[in-house]
Amino acid sequence: MTTEVVSAEEQSAIDRAVAALQAGEAIGLPTETVYGLAADALNTDAVLKIFEAKERPRFDPLIVHLPDAGWLDRLTDPSPVSKTLIASLTSSFWPGPLTLVLPRQAAVSDIVAAGLGTVAVRMSAHPVFQRVVESFGRPLAAPSANRFGRISPTTAEHVRSELDGRVPLIVDGGPTLHGLESTIVAVRAGHIEILRHGPVTAEELGAFADVRPAQLFAHPEAPGQLASHYAPRTPLVLCTKLSDFALPAGTRAGALAFGPFTRTGFTEVRTLSPDSDLREAAANLFRGLRELDQLELDLIVAEEVPETGLGRAIMDRLRRAAALGGG
Ligand code: TXA
Ligand code: MG
């Protein structure tokens, strides 16, 4: 299969994407978080192509992206007590980077839900994704468009490097806004449980209900919660301050700096945000990691960021990237 990358600026881009989805293909599409590998969520054969292209294990459920919030009633079956909270969350954060895990209806296939009794749903705020899903008129299953366990793509070129020859079409909508995958929450009776930290922060969610962290390692409901994920091939270690890091002699190391950093000794430096701004750092995180990973270095040393707001999501991804470096 040849993979074509078309610019979203091209007149025909949306039509071609919709036609490919109607033909049951899985294609690369930009979202506001990371690029997704999208297929018709209600077509099992199409959904299977996602699993094949990503080499994703079947036990890992997909996020379903809705054309509009009205689809919630057709796909999910929340308990009556959580309906008010769900309505406040969707009216405040949709379209946007918040995914809700809710009890599912039969219209959601076992393959999408990986046999769980729940389904993860969201509405993307990316104009290109929105135009595609609206004119397609059906929900799209879309995981991040990387091969399983690897770094999520934030540009069309990243998608190509992950999935070249495995998908017919990638729509290039430029670099993604947030650079990190959506926040995933389960709405339980009276509280919100964060399954994956992301652009919608715990602080923001706290305005709506009591927020509890998921018991990450006790019951990994989401493989995104597995200790090792988002993994570069190069071993990665975390440090509090790069300037204090004792680099072993002869090590070719790359530094992933949060703010300005000029120390010599590192073979390469990627600065996530010259102003030490968490938003900017999040947007640049996966690109920086991916670039350093391509240099065949011995080691990547990533600097910790303050663990408040968006910093939690960044630290979560860095810890998982560090968990099994070189894996
Ligand atoms: O920002 C995003 O969420 C991107 C864009 C493309 O929308 N998508 C994304 O999908 O990150 P994916 O598949 O790479 O990550 C979704 C995570 C996985 O770790 C999956 O296990 C979890 O969501 N998940 C999906 N359905 C679930 C469910 N019913 N219960 C718990 N976790 C679920
Ligand atoms: Mg993913």
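Colleague: Which residue in β15 stands opposite Leu256?

Modeller: Leu256 stands opposite Ala302 in β15. Please note that this is a predicted model: local features need pLDDT of at least 70, side-chain atom pairs count only at pLDDT 80 or more, and totals for chains, interfaces and linings use all residues. Residues are numbered from 1 along each chain as its sequence is written, chains are lettered from A and ligands numbered from 1 in the order in which they are written, and side-chain values use heavy atoms, with hydrogens and water left out.

Colleague: What does a label such as β15 stand for?

Modeller: Helices (H or I, at least four residues) and strands (E, at least two) are DSSP runs, numbered from the N terminus.

Colleague: And which strand order does the sheet have?

Modeller: The order is β12-β15-β13-β14, in an open sheet of four strands with parallel pairing. The edge strands, β12 and β14 (268-271), each pair on one side only. From one strand to the next, the twist averages 20°. Two strands count as paired if DSSP finds at least two bridges between them.

Colleague: How many bridges join β12 to β15?

Modeller: Four bridges join these parallel strands, and Leu238 has Ala302 of β15 as its bridge partner. β13 and β15 also pair in the parallel sense, over four bridges, and Gly254 stands opposite Ile300 in β15.

Colleague: Is β15 mostly covered or mostly open?

Modeller: It is mostly covered, as five of its five residues are buried, where buried means under 20% relative accessible area, exposed over 50% and partly exposed in between (1.4 Å probe, protein chains only). Leu299, Val301 and Glu303 are buried on one side, and Ile300 and Ala302 on the other. In a regular strand, side chains alternate between the two faces of the sheet.

Colleague: What packs on the sheet, then?

Modeller: Helix α9 does, touching β12, β13, β14 and β15; contact means heavy atoms within 4.5 Å. The direction of α9 makes about 175° with that of β13. Helix α10 lies across β12, β13 and β15, at about 135° to β12. Axes are lines fitted to C-alpha atoms, for helices over the stretch in contact, and angles run from 0 to 180 degrees between N-to-C directions.

Colleague: Why is α10 described as largely enclosed?

Modeller: Ten of its 14 residues are buried, so the rest of the structure largely encloses α10. The buried residues include Leu310, Ile314 and Met315. They pack against β10 (191-196), β12 (236-239), β13 (253-257), α9 (278-293) and β15 (299-303).

Colleague: How far does α10 reach?

Modeller: Helix α10 (residues 310-323) reaches 20 Å from its first C-alpha to its last, close to the 20 Å expected at 1.5 Å a residue. The expected span is 1.5 Å times one less than the number of residues.

Colleague: A change of topic: where does Ser273 lie?

Modeller: Ser273 lies in the loop between β14 and α9. Ser273 is buried, with a relative accessible area of 0%. Not counting residues up to four places away in sequence, Ser273 touches Phe258, Gly259, Pro260, Glu280 and Ala281.

Colleague: How far apart are Ser273 and Leu177?

Modeller: They are 96 residues apart in sequence and 14 Å apart in space, C-alpha to C-alpha.
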